[in-house]
Amino acid sequence: MAGITDGNFCLKLAPYGFDMVTLGGYNADKPTMEAGCSIIQRGRQEFDIDEENLLSSIKKEANILKTSWKGTVSVNLRSVSFEPIVEVSKLHEIDVVEINAHCRQPEITDIGCGQALLYDTKKLYNFTKNVVKRAESKVSVKIRANVRNVNDIEVSKAIEKAGADYLHVDAMKPGYNHADYNIIRTIKENTEIFLIGNNSIHDLKSARDMLSAGADGISIARATLKGSVPFDLSQV
Ligand SMILES: Cc1cc2nc3c(=O)[nH]c(=O)nc-3n(C[C@H](O)[C@H](O)[C@H](O)COP(=O)(O)O)c2cc1C
């Protein structure tokens, strides 16, 4: 969660039983950093780090985790070009770089980044492939499901074909306060990629429902905002 999930935040949560935590999202190139500044100006939280300091800043946050925790450290990145994501993947503290094809803030989508990548499957495929080919870490792609005029299966297949290691799906179901388990089921039926199911997981039932739908793993965002997990992850 932008502006929130830094090293110390993730370190507090790690002992609850997570095997992966995600830092960021960070804006990784000049256009997304400028977009981030505009987002801050209208009152939303962001990590405001300039290009020169981005790598050292991510390294520092990842080190906070790596010095006392053995799990996987991922970092969620918004970028118009793929190169900055590859650079982050070269940090030896980073195990996974996550391409953000999820952000719907207009300042980000207006520059063809975040959720805008979902509208152009070929561009998303090429972007992902370019990262996969050069990355020195594993690669995840985070998408939002049920975006109007987006074919989730086509998008998921493109990400798989591009060679990503993880597909992280915010199974948002507009108008509902629970995830769209059907879309997780359908993606699972149509791909073999490691599928991380996300959205509205806040108790054992929602976590189990996500796994029953076919997710290989779950991720939790808002339910961790108080720095704890409101249910026993080991029981899932
Ligand atoms: C304040 C806030 C900031 C977020 N920032 C990011 C982000 O930077 N990158 C991203 O991929 N998702 C971001 N998300 C989305 C969450 O990671 C997650 O996909 C979404 O909230 C649904 O999951 P949840 O129901 O567990 O919260 C953010 C969500 C919130 C509430």
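Modeller: Helices (H or I, at least four residues) and strands (E, at least two) are DSSP runs, numbered from the N terminus. The model discussed here is predicted.

Colleague: In which loop does Asn149 lie?

Modeller: Phi of Asn149 is near 65 degrees, a positive value in a residue other than glycine. The loop that holds Asn149 runs between strand 4 (138-144) and helix 7 (152-161).

Colleague: Is Asn149 buried or exposed?

Modeller: A residue is exposed if 12 or fewer other C-beta atoms lie within 10 Å of its own. Asn149 has 6 C-beta neighbours inside 10 Å, and therefore counts as exposed.

Colleague: Is Asn199 buried or exposed?

Modeller: Asn199 is found in the loop between strand 6 (194-198) and helix 9 (204-212), and its phi, near 125 degrees, is positive although the residue is not glycine. The cut-off for burial is 20 or more other C-beta atoms within 10 Å. Because Asn199 has 27 C-beta neighbours inside 10 Å, it counts as buried.

Colleague: Which helix supplies the largest share of the largest nonpolar core?

Modeller: The largest nonpolar core has 67 residues, and those with the most contacts inside it include Ile85, Val131 and Leu167. Five residues, the largest share of this core, come from helix 6 (residues 121-134).

Colleague: Which element of the protein has the lowest mean pLDDT?

Modeller: The mean pLDDT of the protein is 98, and 100% of its residues reach 70 or more. Among the elements, strand 5 (residues 166-170) has the highest mean, 99. The lowest, 97, belongs to helix 3 (residues 51-66).

Definitions and conventions: Residues numbered from 1 in each chain as written. Predicted model: local features only at pLDDT ≥ 70, side-chain atom pairs only at ≥ 80, totals over all residues. Core = buried A, V, L, I, M, F, W, Y, C linked by C-beta atoms within 7 Å. pLDDT = per-residue confidence, 0-100.
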